Amino acid sequence: MDAVLRERELDALLVTDLVNVRWLTGFTGSNAAVVTGPGVRRFVTDFRYVTQAAEQVGEAFEREIHQDLLEQVAEPLGGPLRLGFDDAGLSVRDHGRLGELAEGVELVAAGGLVEDLRAIKDAGELERIRAAAVLADVALGEVLARGLVGRTEREVALDIEVTMRRLGASGPSFPPIVAAGAHAALPHAEPRDVAVPTDTLVVVDWGAQLDGYASDCTRTFATGPLEDGARGVYELVLRAQQAALDAVRPGPTGKEVDRVARDLIEAAGHKEHFGHGLGHGVGLEVHEGPRLSVRGETQLEAGMVVTVEPGVYVPGQVGVRIEDLVAVTRDGCAALSGMDKALQVVD
Ligand code: ZN
Ligand code: ZN
């Protein structure tokens, strides 16, 4: 962190995003700010969190309690000092106040700096993400054993959520998606009060939040024999997903890996039917850096955790998405989610 600040010629960084605060300090409360830099490690929260901060925030940080975080942050600051701040998160009003409170301090836009560091996971983080992914797999296995056909999409989605909580998750990492038949052609389909029919495809996209960390996975199941078109789309998406997984390793950019899957899907005549990015980073948040998409300029590095989730969505007809959560290793990638990908029939 300090090395990154020196590179940017910053004396310190003000961190106000709560996920970033959590990553830096371990604090999980809802109100806090951090000032960090070479020689400064300050953590500020309000009186409600005195005990929690003492338990969660390590000795490396000087803990301060104040009702007005910005006032407390600014109080000891004096120019000349270059202070980075999160220009994607700090409100214009707070930016103005900080400028007034901290006289002579130069505020430098430095959004995304902590997020970039967060993209590379350490061994403890990888273990927690893997645990979330394993829990999610076990939960879905239980739900599938209770069957899909005849239950509404909403019932199945709720079952997934409750089962994950019962197994120890603090919650789902996002509202589960359960979408059958033509409804699955919407990449972000909302579960409906409609029963899952036989002989169709059902997209299930789900993840658990465990010990702070998220998981994210998608499988598409059949509820009986399929017509050739739907089966062909499934095989295509599976092939594209496997090719992209084979391309995940340190070196290529997110854009390059996205291209591997996209080329296969385009060659099969489904160019317009794969409208979202190939994947995204997962960590404390279910959607974080790096992105694997046509705009993904970040090079993959060992320790990153990303999803690989191509899909084909033919409006009014069929939707298939297959998503795995993988950790980038020194020479490839390792799957964190383990459920079988050969087309499974669940009734
Ligand atoms: Zn997903
Ligand atoms: Zn995803």
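## Two domains

The centres of domain 1 and domain 2, taken over C-alpha atoms, are 35 Å apart. The model is predicted. The domain assignment places residues 2-118 in domain 1 and residues 123-335 in domain 2. Contact between the domains involves four residues of domain 1 and seven residues of domain 2.

## Gln52 in helix H3

Gln52 belongs to helix H3, residues 50-56. Its relative accessible area is 23%, so Gln52 counts as partly exposed. The cut-offs put buried under 20% and exposed over 50%.

Setting aside neighbours within four places in sequence, Gln52 contacts Phe27, Thr28 and Gly29. With Thr28 there is a polar contact of 3.0 Å, side chain to side chain. Gly29 is 23 residues from Gln52 in sequence, yet the C-alpha atoms of the two are 7.7 Å apart.

## Helix H7

Helix H7 covers residues 123-145. How does the span of its 23 residues agree with 1.5 Å a residue? The expected span is 33 Å, and the end C-alpha atoms are 33 Å apart, so the two values agree.

At the start of H7, Asp122 places a side-chain oxygen within 3.1 Å of the backbone nitrogen of Gly124. After H7 comes Gly147, with a positive phi near 90°.

The buried residues of H7 include Leu126, Ile129, Leu135, Leu140, Val143 and Leu144. Ala132, Ala133, Ala136 and Ala139 are also among them. Two acidic residues, Glu125 and Asp137, are buried in H7 as well.

## The sheet E8-E9-E12

Three strands form an open sheet in the order E8-E9-E12, and the pairing is antiparallel. Strand E8 (177-180) and strand E12 (217-222) are at the edges. Each has a single partner strand, so one side of each lacks a neighbour in the sheet. From one strand to the next, the twist averages 15°.

E8 pairs with strand E9 (residues 201-206) over four bridges, in the antiparallel sense. Within that pair, Ile177 has Asp205 of E9 as its bridge partner. E9 and E12 are joined by six bridges, again antiparallel. Here Val204 is bridged to Arg219 of E12. Helix H8 (residues 153-166) lies across E8 and E9, and its direction makes an angle of about 150° with E8.

## Strand E12: edge but enclosed

Is E12 buried or exposed? Six of its six residues are buried, so the rest of the structure largely encloses E12. Both faces are covered. Cys217, Arg219 and Phe221 are buried on one side, and Thr218, Thr220 and Ala222 are buried on the other. E12 is nonetheless an edge strand of its sheet, with a single partner strand.

## Asp324 and its polar contacts

Asp324 is in strand E18, residues 324-328. Which side chains make polar contacts with that of Asp324? Arg219 does, at 2.9 Å. Gln241 does too, at 3.0 Å. Arg219 is one of the buried residues of E12, and it is also the bridge partner of Val204.

Asp324 itself is buried, with a relative accessible area of 3%. Beyond four places in sequence, its contacts are Arg219, Gln241, Leu245, Val306, Thr307, Val308, Ser337 and Lys341.

## The sheet E7-E10-E11

Another open sheet of three strands runs in the order E7-E10-E11, with antiparallel pairing. Its edge strands are strand E7 (171-172) and strand E11 (213-214). Each of these pairs on one side only.

Strand E10 (residues 208-210) pairs with E11 over two bridges, in the antiparallel sense. Gln209 stands opposite Ala214 of E11.

## Glu266 in helix H10

Glu266 sits in helix H10, residues 254-267. Its relative accessibility is 26%, so Glu266 is classed as partly exposed. Leaving out residues up to four places away in sequence, Glu266 touches Arg259 and Lys271.

Technical notes: Residues numbered from 1 in each chain as written. Chains lettered and ligands numbered in written order. Predicted model: local features only at pLDDT ≥ 70, side-chain atom pairs only at ≥ 80, totals over all residues. Heavy atoms only, no water. Pairing = 2+ DSSP bridges. Axes fitted to C-alpha atoms, helices over the stretch in contact; angles between N-to-C directions. Contact = heavy atoms within 4.5 Å. Expected span 1.5 Å × (residues − 1). Buried < 20%, exposed > 50% of the residue type's maximum accessible area, 1.4 Å probe, protein only. Polar contact = N/O pair within 3.5 Å; in protein donor to acceptor, adjacent residues only side chain to side chain. Domains from an automatic or database assignment.
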